Amino acid sequence: MNGFFDIPSDLQQSYIGLIGLHLREALLPVLAGLIASLPIAQLCVRFRWLYPPVLGVTTVLYAIPSLAFFVVLIDYTGQSETSVMIPLALYSLVVLVPAIVDGVRSVPQETLAAATAMGFGPVRRYLQVQLPIAVPAIIAGLRVATVSSISLVSVGALIGNQGALGNLLTDAMFYHRPVLAVNAVVTTAVLAILVDALLVLVRVLLTPWMPRSTHRKPKAATAAALEEAAL
């Protein structure tokens, strides 16, 4: 398609540069959200009464329109990448916190009892037993949060060309070049698919104890995970 990779000079980025910028603005907030979600989720597991209010707060934050969030932050962080990434990090909490909580709570009580009998303290039990077994649920949450973040970055184009590939959408209207809009949509979709596939691969690599067929019992997989943690 003629002009598909012909990026306007006002963006001051090449096509590859826009992809790198888009991934940075999308993935760093998810990483920050994951780091924040781990202790928050553990507190929610430890103190069950805390989970409903935490879930309520994250849901309210997610309900705030992204553009409104960006505009409010401009007074504090300016028209910068930070103004885009902070809301995306907060949005990821509404997916990641429940995913981690559900994953940790799904660990069988007999597995926790066995870990305690083997001398595992609360921290070691959480890091080496509960989190590894909860990996499938956590990765599932990461997949949703990551794809959502990749799509929402484009809204940053409305606050000083901070939308990476989304900037092509505004330039498509400004220069009357629909091919730029096609470029933005197709490239964003491809990035989301590739990152999602990468996360699936990560899940497979991190959970060698998971059953690869219906003939293996889940309890056997859980026991294998516990044995690996003890090594």
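1. Let me begin with contacts along the chain. Taking contacts between residues at least 6 apart in sequence, 72% join residues at least 24 apart. Please keep in mind that this is a predicted model.

2. On the overall make-up, the chain has 9 helices and 0 strands. Read from the N terminus on, the elements run α-α-α-α-α-α-α-α-α. The chain has 231 residues, and 43% of them count as buried. Its accessible surface comes to about 12,000 Å², and carbon and sulfur atoms account for 70% of that area.

3. Now to the rings. How many aromatic pairs does a search of the whole structure find? The search gives 3. One of them joins phenylalanine 47 and tryptophan 49, with 6.4 Å centre to centre and 50 degrees between the planes. This pair counts as tilted because its angle of 50 degrees is neither under 30 degrees nor over 60.

4. How covered are these two residues? Phenylalanine 47 is partly exposed, at a relative accessible area of 37%. Tryptophan 49 has 62% relative accessibility, so it counts as exposed, the cut-off being over 50%.

5. Tyrosine 62 and tyrosine 91 make another aromatic pair, this one edge-to-face, with 5.4 Å centre to centre and 75 degrees between the planes. The pair links distant parts of the chain: tyrosine 62 sits in helix H2 (residues 51-63) and tyrosine 91 in helix H4 (residues 81-105), 29 residues apart.

6. Is tyrosine 91 buried or exposed? Tyrosine 91 is buried, because its relative accessibility is 5% and the limit for buried is under 20%. Its partner, tyrosine 62, is partly exposed, with a relative accessible area of 42%. You may like to look at Phe69 as well, since ring pairs link Tyr62, Phe69 and Tyr91 into a cluster.

7. Next, the pockets. The largest pocket has a volume of about 350 Å³. Its lining has 14 residues, and those closest to the pocket centre are Gln42, Val45, Arg46, Arg125 and Gln130. If you have the structure open, these five are a handy place to start looking.

8. Which elements build that lining? Helix H1 (15-46), H4, helix H5 (109-117) and helix H6 (122-152) each supply at least two residues to the largest pocket. H6 gives the largest share, with 5 residues. Sorted by class, the lining has 7 nonpolar, 3 polar and 4 charged residues.

9. The second largest pocket has a volume of about 190 Å³. Lining this pocket are Leu27, Val30, Leu31, Leu34, Leu142, Thr146, Val195, Leu198 and Leu199. Two or more residues of the lining come from each of H1, H6 and helix H8 (178-206). Here the largest share, 4 residues, comes from H1.

10. A last word on the chemistry of the two linings. In the second largest pocket, 8 residues are nonpolar, 1 is polar and none is charged. The polar one is Thr146, because Val and Leu count as nonpolar. The lining of the largest pocket, on the other hand, includes 4 charged residues. H1 and H6 are worth viewing with both pockets in mind: each supplies at least two residues to the lining of the largest pocket, and each gives two or more to the lining of the second largest.

Terms used
Residues are numbered from 1 along each chain as its sequence is written. This is a predicted model: local features need pLDDT of at least 70, side-chain atom pairs count only at pLDDT 80 or more; totals for chains, interfaces and linings use all residues. Side-chain values use heavy atoms; hydrogens and water are left out. Rings of Phe, Tyr and Trp (its six-membered ring) pair if their centres lie within 6.5 Å; planes under 30 degrees apart count as stacked, over 60 as edge-to-face and the rest as tilted. Buried means under 20% relative accessible area, exposed over 50%, partly exposed in between (1.4 Å probe, protein chains only). On a 1 Å grid over the protein atoms alone, a cavity is a set of points where a 1.4 Å probe fits but cannot get out, and a pocket is an open set with protein on both sides within 12 Å along at least five of seven lines; lining residues have an atom within 4 Å of a point. Grid points are joined across faces, edges and corners, and a volume is the space filled by probe spheres set on the points. Contact means heavy atoms within 4.5 Å. Accessible areas come from the Shrake-Rupley method with a 1.4 Å probe; for residues, only the protein chains shown count as cover.
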